[in-house]
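Trainee: I'd like to learn how the labels people put on a structure are earned. Can we go through one together?
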Amino acid sequence: MEKNREKLKYKNYRLNKIFDKYIISSKTDLKGIITEGSSAFTDISGYSKDELIGESHNIVRHPDMKKEVFKGLWETIKQNNQWSGEVKNRRKDGSFYWTSSIIEPDYDIDGNKIGYISIREDISAKKEIEELKLELEKKVEDRTKELESLTKNLKLKVEEQLKELRDKDTSLLEQSKMASMGEMIGNIAHQWRQPLSAINATASGMKLSNELDLNTKEDTRDNLDLIISKAEYLSETINIFRDFLTPNNSSKEILILEDNVNRGLNIIKANIDSFYINLINKIDYTKKTKIFGVKNELPQVIINIINNAKDILIEKDIKDKYIILDLNINDNMAIITIEDNAKGVPLDIIGKIFEPYFTTKHQSQGTGLGLNMSYKIVTESLKGKLYVKNTQNGAKFYIEIPIYLD
């Protein structure tokens with residue numbers, strides 16, 4: 001019996017030692033003055049037992065803890081109820097630690113309340129993780145707002161850049177139109193030269209015949225018919241140039257490819273002929289290939305490329321100058337080719353000729369906008385391809401345009 005009591009006593013001793021070493025606990029009187037404290041309490045607080053005993057439990061209170069928390073704590077335990085919660089405490093060296101605390105009244109053997117007892121668990125690591133999580137969430141939130149702001153600013157910059165590019169494209173188109181005005185006037189002059197000469201010669205002959213009284217009714221009728229025919233040709237030429245130069249609303253419609261190519265040739269052919277350039281036209285105009293695009297854009301491409309070939313042929317003083325125009329259908333693509341015999345494009349610039357303002361001509365001869373605008377028309381408006389290759393004789397431009405399928 002005595003041996004069992006000794007064993008039980010030793011067991012309680014061991015449990016108390018373990019409790020004292022690992023459990024953060026303390027006892028206070030009814031006013032909150034510390035009467036007992038475990039070794040675990042002294043270890044975590046940094047105070048010795050002598051420094052704790054007799055001191056108010058406020059010795060470990062951290063100023064970050066709101067007064068309302070302790071007010072609620074005291075109201076609860078004074079009513080003989082248990083209080084639990086998380087408390088931030090201050091060590092002797094000024095650092096802090098967190099505990100999950102349970103505080104309840106302490107009674108003597110007769111049931112009289114003599115103070116309060118507190119059991120605590122160190123949750124500093126948990127709180128550190130929570131604070132780190134909050135910090136990370138704050139950083140994520142801040143970075144998200146920063147990214148949203150950057151995205152918004154980037155979107156605004158992209159919109160500004162797109163507007164600038166659209167304005168630049170419009171400006172380039174207008175410059176291209178203005179740059180081609182001189183060429184258009186030159187083309188009109190070439191178109192009109194022969195009909196005006198014929199009208200002048202016929203009118204002069206009629207005047208001379210009338211003075212010599214040699215005119216017959218048949219001669220007068222025939223001469224007037226010739227003048228009317230030439231005048232109608234001049235009128236038709238004016239209509240062609242007016243339609244070409246008049247701004248349109250850029251609305252797309254179904255077009256006949258062959259008619260549009262011929263429309264461009266009608267504007268430029270007289271100019272080509274005046275430089276004794278043989279225009280070899282292999283296109284079958286009885287065929288009616290449908291494409292989808294803006295009126296007058298394809299004729300402008302034809303004019304720009306043929307004008308470019310004409311200038312190179314003249315610049316290089318090629319003998320027996322020629323330009324070959326052809327059209328082939330491959331699957332659902334119409335392929336227009338324009339080939340000259342000007343010995344080709346130098347390899348160091350062949351990849352640049354469609355860039356804006358790039359030109360090998362003198363400033364008085366061109367702006368470098370014609371091929372660039374042709375490229376934009378074919379690739380952006382007509383949804384096709386425009387490229388150039390060197391052949392055995394010269395440069396060969398390829399204009400690939402999707403065929404409109406009903």
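Mentor: Sure, let's start with Asp331, which sits in the loop between E9 and strand E10 (333-340). Keep in mind that this is a predicted model, where local features need pLDDT of at least 70, side-chain atom pairs count only at pLDDT 80 or more, and totals for chains, interfaces and linings use all residues. Residues are numbered from 1 along each chain as its sequence is written, and side-chain values use heavy atoms, leaving out hydrogens and water.

Trainee: What makes E10 a strand?

Mentor: Strands are DSSP runs of E with at least two residues, helices are runs of H or I with at least four, and both are numbered from the N terminus. E10 covers 333-340, so that run meets the strand minimum of at least two.

Trainee: Why is Asp331 called exposed?

Mentor: Exposed means over 50% relative accessible area, buried under 20%, and partly exposed in between (1.4 Å probe, protein chains only). Asp331 has 70% relative accessibility, so it counts as exposed. Asp331 also has a positive phi of about 55 degrees, although it is not a glycine.

Trainee: Why does Asp320 count as exposed?

Mentor: Asp320 has 70% relative accessibility, and therefore gets that label. Asp320 is in the loop between H8 and strand E9 (322-330), and its phi is near 50 degrees, a positive value.

Trainee: How do you know that H7 has a span close to the expected one?

Mentor: The expected span is 1.5 Å times one less than the number of residues. H7 has 18 residues, and 26 Å is expected; its first and last C-alpha atoms are 26 Å apart, so the two agree closely.

Trainee: What is the kink in H7 centred on?

Mentor: The kink, about 45 degrees, is centred on Ile268. A bend at a residue is the angle between axes fitted to the seven residues ending there and the seven starting there. Ile268 is also among the buried residues of H7, as are Leu265 and Ile272.

Trainee: At what angle do H7 and H8 cross?

Mentor: Their axes cross at roughly 35 degrees and come within 8 Å. Axes are lines fitted to C-alpha atoms, for helices over the stretch in contact, with angles from 0 to 180 degrees between N-to-C directions.

Trainee: What makes the crossing of H7 and H8 right-handed?

Mentor: Right-handed means the near helix is turned clockwise from the far one by less than a right angle, and left-handed means anticlockwise. The crossing of H7 and H8 is right-handed, so the near helix is turned clockwise from the far one.
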